[in-house]
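Here are a few exercises to work through with the model open in your viewer. Try each task before you read the solution under it.

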Number of protein chains: 2
Amino acid sequence: MPVSKKEISPCPIDAMLSVVDGRWKGTILWRLSDGPMRTSELRRSIPEMTERMLIRHLQELVRDGILLRHDEGTVPPCVRYSISKYGWTLVPVLETICAWGRVHLKRVGAGGRG
Amino acid sequence: MPVSKKEISPCPIDAMLSVVDGRWKGTILWRLSDGPMRTSELRRSIPEMTERMLIRHLQELVRDGILLRHDEGTVPPCVRYSISKYGWTLVPVLETICAWGRVHLKRVGAGGRG
DNA sequence: GTTGGTACTGACAAAGTTGTCAGTGGAGGG
DNA sequence: CCCTCCACTGACAACTTTGTCAGTACCAAC
C-alpha cells in the first residue's frame, strides 16, 4: 500500500512536513512573511520558479489554511496572498528550521558531501 | 534547470528539510531518540516501512552526520544505529515541528479537508 | 485588431522518490 | 542438507512531484 506524504498521516512530524513540503513553499512563505503580495510579484521575486508551480503551491497553502487569498474581483484580475492568522503560527517553526539549516549549511560547506 | 531538493540549496529551510525529508526519516529519528537500535529492531518497530527504505534512509542520515553506525563486525552481522552529537541538535527542531504538527492534526481532524 | 498583462487551467513529459523482488555470505537449528 | 536470520545491494516498476507548453477571458495601449 504505497503511502503518499500528501495524505494525512497520524504522525505530527509528517503532518507538519506535508504543509511546508514542496519545492518552493519555504521560499514563498519567506517572501510573504514580509507582507502580502500579488501572484505576479511573487513570481517575479522567485525567478527560478515557474508560474505553474507557484500557483499549485499557493493553492495547497490556501487549502491548508496557511495563506489567505484576496481577490479584488476586478478585470484584469488582481489577487493578493497573505499569511493567515493560523499561518503565522507556522512562522516561528520555520525560523527554528531555518536556524538549524544555517548551521547545517556551514557544516556541509566546510568539508561535507557537496 | 530542474532542481532537486536533494542537492545542497543555499536556502537554510531547504537545507534542513533535505535532511528530514524522506517518507520515514521523521519516524526513524523518533524511534532512535529513545536510544540506539539495531536495523532489524527498527524495521520491526515500523511495520509499514520496507527494509529497503529503512536502509536507504539510514544511509542518508549517516551521510548527513545525523546518525552513527556501530558495526560489531561479527557474523552474523550486528549493526546498531544511534543519534550522533550533531544529530541531537536536530531533535529540538523536530520537537518544534512535532508540536505544530499536533495542533495541525487537530485542526484538520476537526472539519479540515479529510 | 494585434499585442501584452492578469490569474489561472489542463494535458502531458521529465525527474525524483518509494516499493517490490531477487540475491549475497556465513552461522545456527532441525 | 535445507531453511532462517542478519545487514545489505542491485535492478527495476510504480507512483509522486515538477516542469513545459498551450490556452482561457477580459481590458488597455498602440
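**Exercise 1. Work out how β2(A) and β3(A) are joined, then place both strands in their sheet.**

Solution. Keep in mind that this is a predicted model.
- Start with the pair itself: β2(A) and β3(A), the latter covering residues 79-83, run antiparallel and are joined by 5 bridges.
- For a spot check, find A:R69 and look across: A:Y81 in β3(A) stands opposite.
- Now zoom out to the open sheet of chain A, where 3 strands line up as β1-β3-β2 with antiparallel pairing.
- That leaves β1 (37-38) and β2 (67-71) of chain A as the edge strands, each pairing on one side only.

**Exercise 2. Find the rotation and the shift that superpose chain B on chain A.**

Solution.
- Any two copies of a chain are related by a rotation about an axis plus a shift along it.
- Here the rotation is 179 degrees, the shift along the axis is 0.0 Å, and the RMSD comes out at 0.1 Å.
- That's the relation of a two-fold axis.

**Exercise 3. Describe the side of chain B that touches chain A: which helices supply it, and what kinds of residues does it hold?**

Solution.
- Count first: chain B puts 31 residues into the contact and chain A puts in 32.
- On the chain B side, α1 (12-20), α2 (25-32) and α6 (91-109) each supply at least two residues.
- The largest share, 11 residues, comes from α6(B).
- Sorted by class, this side has 17 nonpolar, 6 polar and 8 charged residues.
- Finally, 100% of the interface residues of chain B are also interface residues in chain A, so the copies meet through the same surface.

**Exercise 4. Determine how α6(A) packs against α1(B).**

Solution.
- Take the geometry: the axes of α6 (residues 91-109) of chain A and α1(B) are 7 Å apart, at an angle of about 85 degrees.
- Angles of 65 to 115 degrees count as roughly perpendicular, so that is how α6(A) sits relative to α1(B).
- Then list the residues: α6(A) brings A:L94, A:I97, A:C98, A:W100, A:G101, A:R102, A:H104 and A:L105, while α1(B) brings B:P12, B:I13, B:A15, B:M16 and B:V19.
- By class, this contact has 10 nonpolar, 2 polar and 1 charged residues.

**Exercise 5. Which elements of chain A have the lowest and the highest mean pLDDT?**

Solution.
- For chain A as a whole, the mean pLDDT is 89, and 89% of its residues reach 70 or more.
- Among its elements, helix α1 (residues 12-20) has the lowest mean, 93, and helix α5 (residues 85-88) the highest, 98.
- Where pLDDT is low, don't read the predicted coordinates in detail.

Key. Residues are numbered from 1 along each chain as its sequence is written. Chains are lettered from A and ligands numbered from 1 in the order in which they are written. This is a predicted model: local features need pLDDT of at least 70, side-chain atom pairs count only at pLDDT 80 or more; totals for chains, interfaces and linings use all residues. Copies are superposed by least squares on the C-alpha atoms of residues with pLDDT of at least 70 in both. Two residues are in contact if their C-beta atoms, placed from the backbone, lie within 7 Å. Helices (H or I, at least four residues) and strands (E, at least two) are DSSP runs, numbered from the N terminus. Ala, Val, Leu, Ile, Met, Phe, Trp, Tyr, Cys and Pro count as nonpolar, Asp, Glu, Lys and Arg as charged, and the others, Gly among them, as polar. Axes are lines fitted to C-alpha atoms, for helices over the stretch in contact, and angles run from 0 to 180 degrees between N-to-C directions. Angles under 35 degrees count as roughly parallel, over 145 as roughly antiparallel, 65 to 115 as roughly perpendicular and the rest as oblique. Two strands pair if DSSP finds at least two bridges between them. pLDDT is the predictor's confidence in each residue, from 0 to 100.
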